[in-house]
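Visitor: Please take me through one part of this model in detail. I would like to look at a pocket and at what surrounds it.

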Amino acid sequence: LQLLEQRAYQTLEAQHRRCLDKWLRDHPLLEQIRVCGTIAAMEVKTEAASGYFNEIGPILKARFLEAGLLLRPLGNTLYLMPPYCIT
């Protein structure tokens, strides 16, 4: 079972990398795009200093909810994580 879980995580990581490279790598408002296992993260460029207290976070959260996306930005950092209940 551990081997199957490890392969699933590796597959999700590879999918994150492929999609981020294809769709977001050259986006003018994103930087520091990275992947660690099943978690992808990126920074939204703003005029304010990067970090947890960047004021773009609540704005992004509201816009994502309006679009039906459940993403929780921490400051100007966006984290993308699949739900652990998927197969």
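Guide: Sorted by character, the residues lining the second largest pocket are 10 nonpolar, one polar and no charged. The model is a predicted one. The pocket's volume is about 150 Å³. Its lining consists of Leu24, His27, Leu29, Leu30, Met42, Val44, Leu60, Phe64, Leu71, Leu78 and Leu80. Three elements each contribute at least two of these lining residues: strand S2 (39-44), helix H2 (56-66) and strand S3 (77-80).

The two strands named there belong to an open sheet of three strands, ordered S1-S2-S3 and paired antiparallel. Strand S1 (30-36) and S3 are the edge strands; each has a single partner strand, so one side of each has no neighbour in the sheet. On average, and with direction ignored, neighbouring strands of this sheet are turned by 15° against each other. Between S2 and S3 there are four bridges, in the antiparallel sense. As for individual positions, alanine 41 is found opposite tyrosine 79 of S3.

The loop that runs between H2 and S3 contains asparagine 76. Asparagine 76 has a relative accessibility of 1%, and because buried means under 20%, this residue counts as buried. The side chain of asparagine 76 also comes to 2.9 Å from the backbone nitrogen of glycine 51.

To return to the pocket, S2, H2 and S3 are the elements to display alongside its lining, with at least two residues supplied by each.

Definitions and conventions:
Residues are numbered from 1 along each chain as its sequence is written. This is a predicted model: local features need pLDDT of at least 70, side-chain atom pairs count only at pLDDT 80 or more; totals for chains, interfaces and linings use all residues. Side-chain values use heavy atoms; hydrogens and water are left out. On a 1 Å grid over the protein atoms alone, a cavity is a set of points where a 1.4 Å probe fits but cannot get out, and a pocket is an open set with protein on both sides within 12 Å along at least five of seven lines; lining residues have an atom within 4 Å of a point. Grid points are joined across faces, edges and corners, and a volume is the space filled by probe spheres set on the points. Ala, Val, Leu, Ile, Met, Phe, Trp, Tyr, Cys and Pro count as nonpolar, Asp, Glu, Lys and Arg as charged, and the others, Gly among them, as polar. Two strands pair if DSSP finds at least two bridges between them. Axes are lines fitted to C-alpha atoms, for helices over the stretch in contact, and angles run from 0 to 180 degrees between N-to-C directions. Buried means under 20% relative accessible area, exposed over 50%, partly exposed in between (1.4 Å probe, protein chains only). A polar contact is a pair of N or O atoms within 3.5 Å; within protein, one must be able to donate a hydrogen and the other to accept it, and residues adjacent in sequence count only if both atoms are side-chain atoms.
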